[in-house]
Structure formats: structure tokens, C-alpha cells
Amino acid sequence: MLDGAAAMAPSRHREEPRLTRLSEEPDLGPAVGAPARVTERLSPLELRAWRGFLWTHATVIRQLDAELRERHQLSLTSYEVLLYLYQAPGRRLRMSEVADSVLLSLSGITRLVDRLAKAGLVVREPCLDDRRGFFTVLTDEGKARFREAARTHLAGIRAHFLAAYDDADLETLAALWTRIPLSYGNPGHPAAWDPATGQPPAPTSREAGSPPAGA
């Protein structure tokens with residue numbers, strides 16, 4: 001199995017205490033030198049918004065991860081790696097690009113790619129212009145596994161998240177999610193995607209000129 005003992009779905013009793021601590025509201029008193037209208041404590045509305053975000057994210061991600069592990073022996077992070085490789089020119093990305101895509105350290109992505117390679121889903125190929133660098137390349141088996149898992153994943157997104165909202169809600173959410181990432185200048189955020197197709201821009205790879213692998 002791809003992730004060995006880690007293939008167990010994340011347990012509720014491990015996740016919830018951590019989220020509880022993150023969403024607790026300690027009484028710190030007024031900030032020294034802060035204006036009178038500014039306090040350290042969050043308002044009830046602010047707390048509901050923050051805690052709601054944390055719990056919704058944790059609940060949905062936990063369920064999506066569990067389904068992928070059970071049905072396809074893939075963690076959600078492993079699925080994301082296959083997704084970015086599938087979308088990349090030539091079905092390949094440098095290790096640093098893969099790490100940036102899934103927000104992992106280079107050492108963390110190296111271990112994950114090692115597991116994917118052992119399962120036959122990716123291979124490593126040397127970079128011709130960098131003797132110390134390697135590309136992670138999606139194999140035919142990896143492409144097939146990704147396509148199978150994508151059906152489960154997309155169905156899960158609809159069942160565990162999208163089904164709770166109507167189109168008007170989704171329009172509101174889609175607009176709200178852009179504010180913070182764009183304020184930090186994140187060009188990879190979905191706000192930069194094509195609004196007509198809902199598709200992201202093509203991943204930028206130093207091998208962008210390579211011919212794409214067969215679909």
C-alpha cells in the first residue's frame with residue numbers, strides 16, 4: 001500500500017483537540033498602547049467566522065483524505081502531487097516546483113515522491129541543465145491511478161462541500177476566498193484562473209517546451 005501504516009484515515013480524536021486549541025479565545029486583556037476601540041478578544045461574530053472556517057476545512061479534508069486512502073491507496077497530498085504533474089507540460093515538474101505546489105518542504109516532498117516512485121506512479125529523470133536536479137515525471141500507471149482517484153475526489157467535493165450551498169452561496173464564497181491570498185500577491189490563487197472555464201493557468205516549468213505526454 002502506498003503510504004503504509006499512514007494509510008489510516010486521520011482520526012477525529014487527534015484532529016479535534018488541536019483545532020479546539022487553535023480556536024480558543026484566551027483573555028489577554030487590552031493591548032498596551034492600542035486605541036480604545038481595539039481589543040485583543042475576538043467578537044462572537046469573528047469567533048464564529050474563524051472557528052467555522054477551521055472546522056469546515058478540517059471536516060471536509062478529513063473525509064476527502066479518508067476516501068482516497070480507502071479506495072485508491074492515496075493520501076490527499078499524494079493525489080495533489082499527481083494532479084499537478086498531470087496538468088504540467090510533459091507531465092513533469094522539478095522537485096522544487098512540486099514542493100511549492102503542495103506547500104511541503106523539499107525534504108518532505110522528497111519522501112513523498114519516493115513513496116510514489118516505489119508504487120510506480122512517478123519516476124525521476126535528471127535535468128539536462130542541472131546535474132544535481134531531477135524532474136518528477138508522471139508514469140502511465142500514475143496517470144491511470146490519478147484519473148480513477150479524480151472521480152472519487154470530485155464526487156467527494158460535491159457531496160461533502162458543494163452540496164451544502166446553492167449557486168448564490170458559491171458565488172459569494174468564490175469571491176470571498178480571493179481576498180486574503182491576493183492581498184499577499186499569490187498569483188497561483190484561483191482568483192487568477194480563467195472565470196469562463198474555471199481552469200488554472202498552465203504550470204510553469206523550465207521544461208515548458210517539452211511535448212506533453214499522451215492524454
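Let's start with Asp65 and Arg69: both are buried. They also form a salt bridge, with their closest N and O atoms 2.5 Å apart. Why do these two sit about one helical turn from each other? Because they are four residues apart in helix H2. Before I go on, please keep in mind that this is a predicted model.

Staying in helix H2, have a look at Glu67. Glu67 is buried too, yet it has no salt bridge. The nearest side chain of opposite charge is Arg71, 4.5 Å away, and a salt bridge needs the nitrogen and the carboxyl oxygen within 4 Å. So what does Glu67 touch, once we leave aside its neighbours within four places in sequence? The answer is His72, Thr152, Gly156 and His160.

That brings us to helix H6, which runs over residues 140-160. With 21 residues at 1.5 Å a residue, helix H6 should span 30 Å, and its end C-alpha atoms are indeed 30 Å apart, so the two agree. Its buried residues include Phe146, Ala149, Ala150, Thr152 and Gly156. Among the elements that cover the buried residues of H6 are helix H2, helix H3 (76-87) and strand S3 (130-138).

Now, back to salt bridges. How many are there by this rule? The count comes to three. You have met Asp65 with Arg69, so here are Glu125 and Arg92, whose closest N and O atoms are 3.0 Å apart. This pair links distant parts of the chain, with Glu125 in strand S2 and Arg92 in strand S1, 33 residues apart. Is Arg92 buried or exposed? Arg92 is buried, because its relative accessible area is 18%, under the 20% cut-off. Glu125, at 28%, counts as partly exposed.

Then we have Asp114 and Arg124, with closest N and O atoms 2.8 Å apart. Here the link runs from helix H5 to strand S2, between residues 10 apart. Asp114 is partly exposed at 39% relative accessible area, and Arg124 is partly exposed as well, at 36%.

Last stop, the second largest pocket, with a volume of about 160 Å³. Of the 11 residues lining this pocket, the closest to its centre are Arg94, Met95, Ser96, Gly133 and Phe134. Which elements give two or more residues to that lining? They are helix H4 (95-102), helix H5 (106-118) and S3. You may remember strand S3 as part of what covers the buried residues of H6. Thanks for listening!

Note on methods
Residues are numbered from 1 along each chain as its sequence is written. This is a predicted model: local features need pLDDT of at least 70, side-chain atom pairs count only at pLDDT 80 or more; totals for chains, interfaces and linings use all residues. Side-chain values use heavy atoms; hydrogens and water are left out. The expected span of a helix is 1.5 Å times one less than its number of residues. Buried means under 20% relative accessible area, exposed over 50%, partly exposed in between (1.4 Å probe, protein chains only). Contact means heavy atoms within 4.5 Å. Lys and Arg count as positive and Asp and Glu as negative; His and the chain ends are not counted. On a 1 Å grid over the protein atoms alone, a cavity is a set of points where a 1.4 Å probe fits but cannot get out, and a pocket is an open set with protein on both sides within 12 Å along at least five of seven lines; lining residues have an atom within 4 Å of a point. Grid points are joined across faces, edges and corners, and a volume is the space filled by probe spheres set on the points.
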